[in-house]
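Trainee: Please go through this structure with me, and let me ask how each label is earned.

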Amino acid sequence: MAGAKPGILVLCTGNSARSILGEALIARMGEGRVRAFSAGSQPKGAPHPAALRLLAAKGYDMAAFRSKSWDEFAAPGAPRIDIAITVCGNAAGEACPLFVGAPVRAHWGLADPADTPGGEAAEDAAFAETWRLLEARATAMFALPIETMGRNELREALGHIGKMEGAA
């Protein structure tokens, strides 16, 4: 991945919860090192309200987040994607389009906080837990020299990160 900052695309079917949180975390934690994006195979059209509440509480600009199709990243002129990380089981099993950059793929499966019953307080707690698990994974990733690692070494390292606590 020599040259420009690596592009990291976080994927989930709906691109409304886990992938949005992953994009936010990776962008902030990797500022200056990577470019972060998120997308879904069947985007819901808007980020989940609990994701937006959490991001607002963490000081993020809500205008930066939208639910979008992964097709945007396969189109001519799309940003180069060096790493594609799936965060839900459905997206991991789907046939991804051919992204610009032929990315290294990794799976960091986590339970869907959007499926949490019990109202807003329960949702907020589930989203906070998902944030914690994603933050641990992003911290582990950024402890690596991802910009200089070979594809196989990077794939293996990201795979190990995906098996951390809370893996679904």
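Trainee: Leaving aside its neighbours within four places in sequence, with which residues is M164 in contact?

Mentor: With those neighbours left out, the contacts of M164 are A136, R137 and A140. Contact here means heavy atoms within 4.5 Å. Before we go on, this is a predicted model, in which local features need pLDDT of at least 70 and side-chain atom pairs count only at pLDDT 80 or more, while totals for chains, interfaces and linings use all residues. Residues are numbered from 1 along each chain as its sequence is written, and side-chain values use heavy atoms, with hydrogens and water left out.

Trainee: Where does M164 lie, and what makes M164 partly exposed?

Mentor: M164 lies in the segment after α5. Helices (H or I, at least four residues) and strands (E, at least two) are DSSP runs, numbered from the N terminus. For accessibility, buried means under 20% relative accessible area, exposed over 50%, and partly exposed in between, with a 1.4 Å probe and protein chains only. M164 has 28%, so it is partly exposed. In space, the C-alpha atoms of M164 and S67 are separated by 26 Å, and the two residues are 97 apart along the chain.

Trainee: Why is K163 called exposed?

Mentor: K163 has a relative accessibility of 65%, so it counts as exposed. K163 is also found in the segment after α5.

Trainee: What about E31, and how do you know whether it is buried or exposed?

Mentor: E31 reaches 68% relative accessibility and therefore counts as exposed. Its place is in the loop between α1 and β2 (35–39). E31 and K163 are 132 residues apart in sequence, and their C-alpha atoms are 25 Å apart in space.

Trainee: Why does N15 count as buried or exposed?

Mentor: N15 has 0% relative accessibility, so it counts as buried. You will find N15 in the loop between β1 and α1. There is another point to notice here: N15 has a positive phi of about 45° although it is not a glycine. Most residues other than glycine have a negative phi.

Trainee: Now the helices. How do you know how α4 and α5 are oriented to each other?

Mentor: Two packed helices are described by the angle between their axes and the distance between the axes. The axes are lines fitted to C-alpha atoms, for helices over the stretch in contact, and angles run from 0 to 180 degrees between N-to-C directions. Angles under 35 degrees count as roughly parallel, over 145 as roughly antiparallel, 65 to 115 as roughly perpendicular and the rest as oblique. α4 and α5 pack at about 155°, with axes 10 Å apart. They are therefore roughly antiparallel to each other. The contact is made by R137, A140 and M141 of α4 with L158, I161 and G162 of α5.

Trainee: Why are α1 and α2 given their label, parallel or antiparallel?

Mentor: Helix α1 (residues 18–29) and helix α2 (residues 49–57) have an angle of about 20°, and so they are roughly parallel to each other. Their axes are 9 Å apart. I20, L21 and A24 in α1 meet A51, L54 and L55 in α2. By class, this contact of α1 with α2 has six nonpolar, no polar and no charged residues. In that scheme Ala, Val, Leu, Ile, Met, Phe, Trp, Tyr, Cys and Pro count as nonpolar, Asp, Glu, Lys and Arg as charged, and the others, Gly among them, as polar.

Trainee: And what label do α1 and α4 get?

Mentor: The axes of α1 and helix α4 (residues 120–142) cross at roughly 40° and come within 9 Å. That angle makes α1 and α4 oblique to each other. The residues of the contact of α1 with α4 divide into eleven nonpolar, three polar and two charged.

Trainee: Finally, what makes a set of residues a nonpolar core, and which residues have the most contacts inside the largest one?

Mentor: A nonpolar core is a set of buried Ala, Val, Leu, Ile, Met, Phe, Trp, Tyr and Cys residues joined through side-chain atoms within 4.5 Å. The largest nonpolar core has 38 residues, and I26, I85, M141 and L158 have the most contacts inside it. α4 gives the most to this core, with seven residues. Leaving aside its neighbours within four places in sequence, L158 is in contact with I83, V104, A106, W108 and M141. Apart from the largest core lies another, of eight residues, among them L11, A39, W70 and I81.
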